[in-house]
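Colleague: I would like a close look at a single part of this structure, the sheet together with the helices and the spaces around it. Could you take me through that part in one connected account?

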Amino acid sequence: MDKPVKKLRVGVIGCGRVSVMHATSIVSLPETELVACCDIQKDRADETAKKYGAKAYYSYEEMLEKEPLDAVHICLPHYLHSKAACYAFQKGVHVLTEKPMDVDLISAENAVKEAKKQGVLFGVIFQCRYNNSALLVKRALDSGKLGKILSARSTLTWTRPDSYYAESDWKGMWDKEGGGVVIDQAIHSIDLVHWLVNDEVESVSCSMANRGHKIVKVEDSAEGLITYKNGVKYGFYCMNNYACDEPIEIRLYCEKGKVVLGYDDAYITYDDGSREEAHQEENLLEYEGGKDYWGFQHVRQIRQFYNAVLGKEPLEISGEEALKTHRLIMKIYEMGKAGMR
């Protein structure tokens, strides 16, 4: 009789809204078990622990001291991502953190260095790369079927009223969230284009403003032009003063065709008249309490992370890989904040 496979012991740090995407994924995978969770708000930690059959803690330091964990998922406010990650690295624990890596560049770079020093894996969530739509376009580019990207644009018009910020003790704060619409909402569409272009940035020109919010100072609108060393020009526009969360749209003009890409759908029209398209299938997993704009691909990225932990394949979105997007986001803020009104 085969011995039962020993599961990886996993903890979740932070039991806020997005933690459901991680906890649900962890308990769904055959390789992992959720044994611990923590939050400084006792009721949230207790509720999550009860829901998933884990042990509740009220500080991640205590959880990492007492629990022999293989990995932790970080679902904390942005400014705590690198701090918590480095504490886990020093305990020899692998880390998968929500985006962004942090609110500044130095902290993110130091976390990557610490993970390498301790010999553990550091993954960063950019789940939209695992959407069927994004994967179709990536394959068409990598195979040469679309040729090179010549130009790109992305548009995001979502809603985040003052009440959204009033409910949080860290959202909408420069020192805790790191910004507004760019780092919290548009980061995924910017990451997708940056990943698809796959080249070094030559220059960033950007303007930012807070046009519609009274209780926060961070930007709620931003537009700019990113120029790459290979000549690609990428224009982006984002704002969260709309009345609803409209689907994001990315357009690529390529040597051999055009792309219209969203989180759920992708349409490629080739110059020879042929077409390809991809659509999101039924949800892979039901995330009770999850938000539609988070998508449903956390489980795909989390599965890939644990395949890497088990040595089955290389880690795809490592700290080093995520730094490419984080550097770009930080450059957008450097240029945009200078003239912000």
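**The eight-stranded sheet and its surroundings**

Modeller: The part you ask about is an open sheet of eight strands, which follow one another in the order β8-β9-β10-β7-β11-β12-β13-β14 with mixed pairing. At the edges stand β8 and β14 (275-279), each of which pairs on one side only, and from one strand to the next the twist averages 10°. Please keep in mind throughout that this is a predicted model.

As general background, strands of a sheet pair through backbone hydrogen bonds, in either a parallel or an antiparallel way. Within this sheet, strand β9 (residues 221-228) and strand β10 (residues 233-239) run antiparallel and are joined by seven bridges. If you would like a place to look for that pairing in the view, S221 stands opposite M239 in β10.

Two helices lie across the sheet, and they can be described in turn. Helix α6 (residues 132-142) lies across β7 (149-157), β11 (249-254), β12 (257-261), β13 (265-270) and β14, and it runs at about 30° to β13. Helix α8, for its part, lies across β7, β8, β9, β10, β11 and β12, running at about 160° to β7. The strands β7, β11 and β12 therefore appear in the lists of both helices, by the contact cut-off of heavy atoms within 4.5 Å.

Helix α8 also leads to the open spaces of the model. The largest pocket holds about 1,100 Å³ of space, and it is lined by 42 residues, of which C75, L76, P77, W170 and K171 lie nearest its centre. The elements that give two or more residues to this lining are α3 (60-66), α4 (81-89) and α8 (181-197), with α8 supplying the largest share, three residues. By class, the lining of the largest pocket has 18 nonpolar, 11 polar and 13 charged residues.

The second largest pocket, with a volume of about 560 Å³, brings us back to an edge of the sheet, since α8, β8 (201-209) and α10 each supply at least two residues of its lining. Here α10 gives the most, with seven residues. Of the 24 residues that line the second largest pocket, H194, D199, E321, K324 and T325 lie nearest its centre, and the lining as a whole divides into nine nonpolar, four polar and 11 charged residues.

There is also enclosed space to consider. In general, rolling a probe the size of a water molecule over the atoms shows where empty space is left. In this model the count comes to one cavity of 30 Å³ or more, and about 40 Å³ of space lies in it. The residues lining this cavity are P100, M101, V124, F126, I187, A322, T325, H326 and I329, and four residues of the lining, the largest share, come from helix α10 (residues 319-338). Seven of the lining residues are nonpolar and two are polar, while none is charged.

To set this part in its context, the secondary structure of the chain comes to 10 helices and 14 strands. The radius of gyration of the chain is 20 Å, close to the 20 Å that the globule rule gives for 341 residues, so the chain is as compact as a globular protein of that length. Along its principal axes, the C-alpha trace spans about 55 × 55 × 40 Å.

Notes
Residues numbered from 1 in each chain as written. Predicted model: local features only at pLDDT ≥ 70, side-chain atom pairs only at ≥ 80, totals over all residues. Heavy atoms only, no water. 1 Å grid on protein atoms, 1.4 Å probe; cavity = no way out; pocket = protein on both sides within 12 Å on 5 of 7 lines; lining within 4 Å. Points joined across faces, edges and corners; volume = space filled by probe spheres on them. Nonpolar A, V, L, I, M, F, W, Y, C, P; charged D, E, K, R; others polar. Pairing = 2+ DSSP bridges. Axes fitted to C-alpha atoms, helices over the stretch in contact; angles between N-to-C directions. Rg over C-alpha atoms; globule rule 2.2 N^0.38 Å.
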